[in-house]
Amino acid sequence: MRKICLKIHRWLGLVLGVIISVICLTGAVIVFQDEIKEAINADIRHVKDKGNGRHLANEALVDAIREHAGKGLTLTSIQLPSGSDDAAYAQFAERGHQKLAVNPYTGELIGWEKESAVVNTAKQLHRYLLNVPSEPHEGMSAGRFIVGVTAIGMTLILLSGIVIWWPRNRKMLKNRLKVSTGKGFRRFVYDSHVSLGIYGVVFLLLMSLTGPSWSYHWYRQGAMAVLGGDVRDMEHHGHFEQQQKPEEVSIMRPDMMNHGHEKMPPQVVLMQLHTGGWGGMAIKIIYFLAALIGALLPWSGYYMWWKRTHPRKSSSS
């Protein structure tokens, strides 16, 4: 069993290693996409003019936003503020997921959210290897297909790695969880590959097991079935919306945005499991570090394979 897993681990790693490294490195950036967006949009997050000190009623806010936005934009949802100084956010059918900051006291428009070029590029690489389908939500491209195959292959690499790593006794366990620094560079790389891999394996498995949901409809159906959800509620880009009539506007209160995990729709749980959003900043940091480990492991694997297949010739006496 161990020999079979070793072959699976080695050859899948050799074939998919570079792509795994790209996906993990860009995934590390995406883990903090919300924090990056908040930082670059700090100038529109808060309001200065509080009018009479009372938020507009929902209906009045909807009317004010529609009036200020003008024709040509179809208001679909409003995210109400959580604090007295915070802006509300409106979304329009024509602008996709880009949000417009709005003063909840007056209904006046503050400004459109800015996008991070770094995050956007990371997403294009992470999801499509820059080969974006003509229809990003449902379309297929070579890049999207390869990313999905790579995520499935990564799961097999991780699982086979656990079998290879599994120690027979306590002494072996101790040795496989530490990195030797005084036995040469090759041993250092081997120990790093083994120990870092096992430290990050649980979180890397969460990422690789959920990742293909954004590449393959059949996989997404299976994942949603396991979580008890409806695949029709999920969009490929990782944003979740309810279908509604054009004239309807969805109003999201702060308590709806911050509900407990037990109340989360399954499609949201899937995204949270993939990006680390389920456990606050501490879990995000762990996901970030695990993604960096995932990006480094293929290169240490390549190094070990090269040293194994190209042994140094002993000098003649």
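**Reading terms off a predicted model**

Q: Why does leucine 130 count as exposed?
A: Leucine 130 has a relative accessibility of 53%. Exposed means over 50%, so leucine 130 counts as exposed. This is a predicted model. Leucine 130 is found in the loop between α4 and α5.

Q: What makes the phi of leucine 130 worth a remark?
A: Phi is positive here, about 70°, although leucine 130 is not a glycine. Most residues other than glycine have a negative phi.

Q: Why is leucine 129 called partly exposed?
A: Its relative accessible area is 25%. Buried means under 20%, exposed means over 50%, and partly exposed lies in between. Leucine 129 is therefore partly exposed. Leucine 129 also sits in the loop between α4 (117-128) and α5 (142-165). Its phi is near 55°, a positive value in a residue other than glycine.

Q: How do you know that β2 is mostly covered?
A: Count its buried residues: five of its five residues are buried. Ala88, Ala90 and Phe92 point one way from β2, while Tyr89 and Gln91 point the other way. In the protein as a whole, 41% of the 317 residues count as buried.

Q: What makes β2 and β3 a pair?
A: Two strands pair if there are at least two bridges between them. Strand β2 (residues 88-92) and strand β3 (residues 99-102) have four bridges, in the antiparallel sense. They therefore meet the cut-off for pairing. Across this pair, alanine 90 stands opposite leucine 100 in β3, and glutamine 91 stands opposite lysine 99.

Q: What lies between β2 and β3 in their hairpin?
A: Six residues lie between the two strands. Glycine 96 in the turn has a positive phi of about 60°.

Q: How do you know that β3 is joined to β4?
A: Three bridges link β3 to strand β4 (residues 109-112). At least two are needed, so the two strands pair. They run antiparallel. Valine 102 stands opposite leucine 109 in β4. Their hairpin also has six residues between the strands, and glycine 107 takes a positive phi near 80°.

Q: How many bridges join β1 to β2?
A: Four bridges join them, and the strands run antiparallel. One of the matched residues is serine 77, whose bridge partner in β2 is glutamine 91.

Q: In what order do the five strands stand in the open sheet?
A: The order is β4-β3-β2-β1-β5, with mixed pairing.

Q: Why do β4 and β5 stand at the edges?
A: β4 and β5 (250-252) each have a single partner strand, so one side of each is left without a neighbour in the sheet. Neighbouring strands are turned by 25° against each other on average, direction ignored. Helix α3 (residues 58-69) packs on the sheet and touches β1 (75-79), β2, β3, β4 and β5. The direction of α3 makes about 125° with that of β1.

Q: Why are α7 and α11 called oblique to each other?
A: Start with the angle. The axes of helix α7 (residues 185-210) and helix α11 (residues 280-309) cross at roughly 140°. Roughly antiparallel needs over 145 degrees, and roughly perpendicular covers 65 to 115. The angle fits neither range, so α7 and α11 are oblique. Their axes come within 7 Å, and α7 passes α11 in a left-handed crossing.

Q: Why are α1 and α11 called roughly antiparallel?
A: Helix α1 (residues 2-31) packs with α11 at about 155°. Over 145 degrees counts as roughly antiparallel, so α1 and α11 earn that name. Their axes are 8 Å apart. This crossing is left-handed.

Q: Which residues in α1 meet α11?
A: Among them are Arg10, Gly13, Leu14, Gly17 and Val18. In α11, the residues they meet include Lys284, Tyr287, Phe288, Ala291 and Trp305.

Q: What does the secondary structure of the protein come to?
A: There are 11 helices and five strands.

Q: Which atoms supply 60% of the area that the protein exposes?
A: Carbon and sulfur atoms supply that share of about 18200 Å².

Technical notes. Residues numbered from 1 in each chain as written. Predicted model: local features only at pLDDT ≥ 70, side-chain atom pairs only at ≥ 80, totals over all residues. Heavy atoms only, no water. Buried < 20%, exposed > 50% of the residue type's maximum accessible area, 1.4 Å probe, protein only. Areas by Shrake-Rupley, 256 points an atom, 1.4 Å probe, with all protein chains shown as cover. Axes fitted to C-alpha atoms, helices over the stretch in contact; angles between N-to-C directions. Parallel < 35°, antiparallel > 145°, perpendicular 65-115°, else oblique. Left-handed = near helix turned anticlockwise from the far one by under 90°. Contact = heavy atoms within 4.5 Å.
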